[in-house]
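Here are my notes on this one, in the order I'd go through them with the model open. Tell me if anything reads oddly.

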Amino acid sequence: MNKLLFICVIFYSLISQAHNTDPEKDSDKPGTISGVVLDAQLKQPLPYVNVVILSTNGETLTGGMTNEEGIFEIKKIDEGNVIVSIQYIGYKTVKRNYTIEKGHYKINLGDIFLEEEVEGLDEVTVIAEVSTIQQKVDRKIITIGKDLAATGTASDLMVGIPSVSIDAQTGEISLRGNSNVQVMVDGKLSTIPTAQLLRQIPSTAIKSIELITNPSAKYNPEGMSGIINIVLHKNTNIGFNGNLNVSLSKEIESKFNSALNLNYRNGKFNFYGNYSNNVSKNRNNGNVFRPENNSEQFFRFLDQRENHQYKIGVDFYLNERHTISVFSNQNISDDSTVGRTNAIFYDDMSFNQDQIFSAVGDNASSQYNFDYKIDFAKEGSNIELEIDHNFYDGENPVFFDQIAGPLSDYIDYNETERSNTTVNLDYVNPISENSKLELGLQARLFNTDIAYASTGESFSDSGSLVPTPSTNFDYTRDIYSAYASFSKKLEKWSYQLGARIEHVNVDAIALQQDQTTSDITEIAFNNDYFEIYPSVFITYTPSEKNALQFSYSRRVDRPGIGQINPIKEWSTPLISSFGMQDLEPQFTNSIEINFIRNFNERKGSLTTGIFYRSISDEINRALFIDRSDVTSGRVILTHDNFDNTSAYGIEIASNYRPFGWWTINGSFDFYSQTQKGIAENIRDGVRLENATIADIETNVTEVDNVAWNFRMFNNFSVNKNLAFTAFGFYRGKNRTLQFDVDPMYFVNVGLRYSFLENNRATFGFNYNDIFNTMRFSFDGQRPFVQTGAFNWESNTWNISLNYRFGGGKYRAKSRKRRDDNVKSGNGGFL
């Protein structure tokens, strides 16, 4: 509480300083410039247009903004020659030269008509025809065109994003072959689990994907491989307007997505509301064969999802410098999974197990956000206070029906309450035209409380069945941080230096109660640490066509709830997954070099990059053979910390237009990572059915994983209304601690047709995985020799319709996008 009070005191001091101007000094500036800004076509006033007064060398002197009637008046301007720059998003900038002198202290510009910028209009309100890739100083930006947006959900769309992979079984996302990645939506954390969030966002609602692989100091340092920020389309139209998206996919089961975005802007208020949903059924199946004991497991699943998300907010422009914005985001989810797992032991049928389970997920999450921004007289200088509160409440009972095997029918009850409060204070000061200083303070307060109870039985260490203990797990993590960042641009060079300091306190306790004796076992864990995270960015631009970038940052991966929660996350007849409560964070030093080449005649661009990561206290998988049931081959999955390791990779991405009607977006990424983990096995010469605890060998296993991916989009424009697309993907063979994963490839094709006035409506059709080749297959040696494969509904067709309505323009509220997330759960059951 004292630290929060300290933040508020600093905020108050900065505001006071911002309003403390010298009236005598201002009175020596006699000039006044006024006028009215209008839309050139509609002849209507444009509110909140930026009017900037510049010196003849381009330095910002003062400025202002038009009111609701498009009128502006800027006072206290020094004598001399000035440039009046009138800037408005979606319109061409107007610049005029004037002289403030005796006899001309008051200058009325009269009516100033702004013309729409066609390119700007496309960028703001219309989905681009073709996706593009841009390399910025600290991120790669993939602008989503209609070729990518027609694929269904955000989870489907991510398959086509360079360096990004989606686990089709679990929905887990990874970047550069590593799942230690943070996922944001418009720079904010959602309490909704990442896999669920990606499946409910319609791809047509996404404007761009930002891959922030080496974030600067102003970003939170979580995520070894970086940050993935999903940027949604903003509605920047005046009056009442919006857009509607609907999408339907089907192979065996149907999957439906829709989204409605509405906006109303009038005067000092901007009201907006969004609704999106995802209603779907998904079937997948697989098998795992173990030759050592001649056994085979068969898996069949049916997932049913129904997610509804609502967002409502308002921006209130108190005056030209002060803006208050509030919004609330509500999500309701009703998911269920019905599955059957059948384990067959062909040599000894007495070991057979057959289980039907049904999981019911009923959860809701809420987000409440307040933002207060003050723009100072100096252009680009501002201070902003943001308070964000997230809450998640979920109940997920799982019902197990034992058709065959040693266990009886039982129910697992899981209840989760999670809250996350973030307070940010950010200050930006453009010291000069070519340099900028950014300062910030942040407090993040996170708590989760998980209660678990079961009516079933578990194997004890002696191998006998006992009632499953109930567990309550309470986890609190408070983080207080401050950052500073300075950037400067020279003739051909630019650099940015920054550092972030953090104090972290973790307090966790698990209470396990024995159902027979009622004895309670307490497992506590505390961690308190202070860290500094520096960052360096250097860019060299020898010409307009070429640029070379170097970056360095230090990062941290704090273990996620699924990795530290000692409560059983899920279970099948032969596999159970648990967290390890005393996991320590892992730290990464990351170096990256990128080269950007722009082709002639707007043909496109080529971006190549290399990266290297040095990782300490790596968090990775630990696979143990269940001591209570060795002969059946039961496995326990968890995580642990391991020694230092490293990773490196190469990335190549290009968008190229060989002809006016043909555009290619292609990417190739190659990476190598040394992984360390525990994967137990039975010593050589001992058959599994005869094994005892003494035959189990425990060793730290090291695997050098080399993997590569290739993606290519082709867009063929027949005319301004009709276009065809073709997408191909190939993932090379790669290795994990447990498996060697076979190559995977597929091809998608589609078409888009735009119609109605100004192409307001777009119809899309996609046929995915046309050769039905997309599947996950593997073979492994640890902890047992095994082969297997999983299949899902990939051979789908999809139809979509997008319709937008409204007109006009205004300058939308500009809000910071920041990351605030931790690593997600354990992942799949293999």
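1. Is Glu 502 buried or exposed? Keep in mind that this is a predicted model. At 1% relative accessibility, Glu 502 counts as buried, because the cut-off for that label is under 20%. Its partner Arg 444 comes out at 4% relative accessibility and is buried as well.

2. On the pairing itself: Glu 502 and Arg 444 form a salt bridge, with 3.3 Å between the closest N and O atoms. The two sit in distant parts of the chain, 58 residues apart, with Glu 502 in strand β28 (residues 493-513) and Arg 444 in strand β24 (residues 435-454).

3. Next, a pair involving a loop. Glu 253 and Arg 283 meet through their side chains in a salt bridge of 2.7 Å, N to O. Glu 253 is in the loop between β15 (238-250) and β16 (254-266), while Arg 283 is 30 residues away in strand β17 (residues 269-290). Glu 253 is buried, with a relative accessible area of 14%, whereas Arg 283 is partly exposed at 37%.

4. Have a look at Arg 683 and Asp 695 too. Their salt bridge has its closest N and O atoms 2.8 Å apart. Both residues belong to the loop between β39 (681-682) and β40 (696-697), twelve residues apart. Arg 683 counts as partly exposed at 38% relative accessibility, but Asp 695 counts as buried at 8%. Back at the Glu 502 pair, shared partners join Arg 444, Arg 500, Glu 502 and Arg 558 into one salt-bridge network. Across the whole structure, the search finds twelve salt bridges.

5. Now the surface. A patch of negative charge gathers Glu 306, Asp 334, Asp 362, Asp 393, Glu 395, Glu 415, Glu 417 and Asp 449. Two elements, β21 (382-395) and β23 (410-432), give two or more residues each to this patch. Asp 334, one of the patch members, lies in strand β19 (residues 322-345). Asp 334 is partly exposed, with a relative accessible area of 43%, so it clears the requirement of over 30% for patch residues.

6. Finally, the chain overall. There are seven helices and 49 strands. Of the 830 residues, 54% count as buried. Among contacts with a separation of 6 or more, 68% come from residues 24 or more positions apart. The accessible surface is about 35400 Å², and carbon and sulfur atoms hold 54% of that.

Notes
Residues are numbered from 1 along each chain as its sequence is written. This is a predicted model: local features need pLDDT of at least 70, side-chain atom pairs count only at pLDDT 80 or more; totals for chains, interfaces and linings use all residues. Side-chain values use heavy atoms; hydrogens and water are left out. Patches are made of residues with over 30% relative accessible area and no salt bridge: like charges are joined within 9 Å, nonpolar side chains (Val, Leu, Ile, Met, Phe, Trp, Tyr) within 5 Å. Accessible areas come from the Shrake-Rupley method with a 1.4 Å probe; for residues, only the protein chains shown count as cover. A salt bridge is a side-chain nitrogen of Lys or Arg within 4 Å of a carboxyl oxygen of Asp or Glu. Lys and Arg count as positive and Asp and Glu as negative; His and the chain ends are not counted. The place of a charge is taken as NZ of Lys, CZ of Arg, CG of Asp or CD of Glu. Helices (H or I, at least four residues) and strands (E, at least two) are DSSP runs, numbered from the N terminus. Buried means under 20% relative accessible area, exposed over 50%, partly exposed in between (1.4 Å probe, protein chains only). Contact means heavy atoms within 4.5 Å.
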